[in-house]
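Got a minute for a two-chain model? Here's a quick briefing to read alongside the coordinates.

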2 protein chains.
Amino acid sequence: MKLKELNNVTLIGLGLLGGSLGLSIARSMHNVKRIGYSHRETTRTKAISAGIVDSITTNLADSVANAQLIILCSPIGTFKTILTEIKDRLQPGAIITDVGSTKVLPNNWAKKYLPKDVTFIGSHPMAGSEQRGLDFSRADLFDHAPCIITPNKTSPSKDILLLKRFWEEIGMRVSTMTPLQHDKVLAQISHMPHALAVALINSTPKDQALLCGKGFLDTSRVASGDESVWGDIFMSNAKNTDQAIGRLINELTRIQKALKSPDHKQINNLLCKAKDKRNNLVNQKIRRKELPL
Amino acid sequence: MKLKELNNVTLIGLGLLGGSLGLSIARSMHNVKRIGYSHRETTRTKAISAGIVDSITTNLADSVANAQLIILCSPIGTFKTILTEIKDRLQPGAIITDVGSTKVLPNNWAKKYLPKDVTFIGSHPMAGSEQRGLDFSRADLFDHAPCIITPNKTSPSKDILLLKRFWEEIGMRVSTMTPLQHDKVLAQISHMPHALAVALINSTPKDQALLCGKGFLDTSRVASGDESVWGDIFMSNAKNTDQAIGRLINELTRIQKALKSPDHKQINNLLCKAKDKRNNLVNQKIRRKELPL
């Protein structure tokens, strides 16, 4: 299947990501019919009136019956149930993907529950997360942001290509990894930093925090994320997150050692290395248009 | 001395903080004459043409001869030399303060080098830090931001009150601590979070960081700060910063333990506690107008 042959997409779960995806598809793929599923009536009503989907159903299995591409946009914790409920109604050749933040478990579940004549390839579009719910949906949420797709060794290359082209059409910069690689990398760049923000807040007495400046607020920002979403992410990537926290503690211990010596030169080296590395990162992100100038 | 009797202020060092202070004073205290000192000729020329000060001198000792209030706005590393150079030209009753990020060392130096008939009380206006230099000066840099002043037990209460009123007139929310308390609190809310951002960046391989989203960029933002400024801060508050890093590592270890168990409920508890605590903090900052709505 080529991207221009894609006519039927089903979005399961219509929160911030599912809703924004509906708007993005409408913006960039005019001949795609978008079918939505949500278990909440208020969400279903809003999704139709806001033009998030073309039609909506209250029956999960029905929602996938004609779909060439099915995208799970609900929390990871719901995937097992959803896969079990839709598995007998999928068209042969259908591609199933998701937008979850960890990829090993969904990939294992798909292998276990889905029939052999469909393809599951996980996706992780890395955009938006603090605001929740359909109301915050934006057609440009995914523009220029990174998306990681995670085929395994049995994934047909034509399906990998279709999925890659789909996210690129949405406006994303796509890279490819195995589910295992993905979860290891994400532990380092997302799950451990979240743990770190949580630890920072939890180790700071309230009255002291009140005196903080903008730096502390930025460093701790992600700790305001929803605990049920992040609890699921942590538990579904526990080992990698634990190891990434271990590497962070090693670096913190190097700083402690230099402070105790005291070794001013080593402190400056560590600070300088971090400053240069971060400035280079920001400049590369600006060149790639992931960040504004 | 009452605030309205304050007519002569000397600013030593005209970077972002000294420059912004010059503009703030002009905005809110019309009868104050601002004298500036900078060792760089380009800075001196700019300071006059941008209206940062009313007059400028190339001689450090001369700059304080008529001042009722002297504010050290140069890096902490320069304080010892400055105090030695100005000590014989200060007016009896003059108040000397600074804008440095640690307070114990400046307070000790002042005790050692300054004559008995002047008062040193440290100040820490907590505003602006990433951009450096006079060119970024803004009259509103200090508006609504916290300022901590750090008298010791021998500081005359009339001088404490004058300094408090001065920063309030600049637009700041002033609180008072001993130098010791200040350095302990700042280690927790500023110096340790900086160490943490540095450790995050240094523990993340370049190619992985490139895939990061906005969360990682925010969590690591302060690591882009100047290494010489932060190296000085770290070394002048080494013990407290080391201890604050220790408390952070304890919290990180609690998360690791819950991940290893695995204890989903404990993970959710830690995440929920952090979320509530941070959201309360942000709401209080909004009520105090330190953050926009």
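What follows covers the symmetry, the interface, one helix and a few aromatic rings.

Keep in mind that this is a predicted model. Chain B drops onto chain A with a rotation of 180° and 0.0 Å of shift along the axis, at an RMSD of 0.0 Å. That's the relation of a two-fold axis.

**Symmetry**
- Looking for the axis from chain B? The C-alpha nearest to it belongs to B:Thr219, 2.0 Å away.
- The copies meet through the same surface, because 100% of chain B's interface residues are also interface residues in chain A.

**Interface**
- Chain B puts 84 residues into the contact and chain A puts in 85.
- Between them, the two chains bury about 7,800 Å², with carbon and sulfur atoms giving 68% of that area.
- On chain B's side, B:Leu210, B:Leu211 and B:Arg278 supply 9% of the area buried against chain A, more than any other three residues.
- The salt-bridge rule picks out 6 across the interface of chain B and chain A.
- A:Lys260 makes a salt bridge with B:Asp242, and the closest N and O atoms there are 3.8 Å apart. That fits under the cut-off of 4 Å.

**Helix H12 of chain B**
- H12(B) runs over residues 264-287, which makes 24 residues. From first C-alpha to last it reaches 34 Å, close to the 34 Å expected at 1.5 Å a residue.
- Its buried residues include B:Ile267, B:Leu270, B:Leu271, B:Ala274, B:Leu281 and B:Val282. Charged names turn up on the buried list too, among them B:Lys275, B:Lys277, B:Arg278 and B:Lys285.
- What do the buried residues of H12(B) pack against? In chain A, the partners are helices H7 (179-202), H8 (206-209), H9 (214-219) and H10 (227-236). Within chain B, they are strand S8 (146-150) and helix H11 (238-260).
- Just after H12(B), B:Lys289 takes a positive phi of about 65°.

**Aromatic rings**
- Over all chains, the count comes to 6 aromatic pairs.
- Take B:Trp230 and B:Phe234: their ring centres are 6.3 Å apart and their planes sit at 85°, so the pair is edge-to-face.
- Both residues of that pair, B:Trp230 and B:Phe234, lie in helix H10 (residues 227-236) of chain B, 4 residues apart, or about one turn of the helix.
- An α-helix has 3.6 residues a turn, so residues three or four places apart point the same way.
- Buried or exposed? B:Trp230 and B:Phe234 are both buried.
- Over in chain A, A:Phe142, A:Phe166 and A:Trp167 form one aromatic cluster.

Definitions and conventions: Residues numbered from 1 in each chain as written. Chains lettered and ligands numbered in written order. Predicted model: local features only at pLDDT ≥ 70, side-chain atom pairs only at ≥ 80, totals over all residues. Heavy atoms only, no water. Helix = DSSP H or I, 4+ residues; strand = E, 2+ residues; numbered from the N terminus. Expected span 1.5 Å × (residues − 1). Buried < 20%, exposed > 50% of the residue type's maximum accessible area, 1.4 Å probe, protein only. Contact = heavy atoms within 4.5 Å. Least-squares fit on C-alpha atoms with pLDDT ≥ 70 in both. Phe/Tyr/Trp six-rings, centres within 6.5 Å; stacked < 30°, edge-to-face > 60°. Buried area = accessible area lost by both parts, 1.4 Å probe. Salt bridge = Lys/Arg side-chain N within 4 Å of Asp/Glu carboxyl O.
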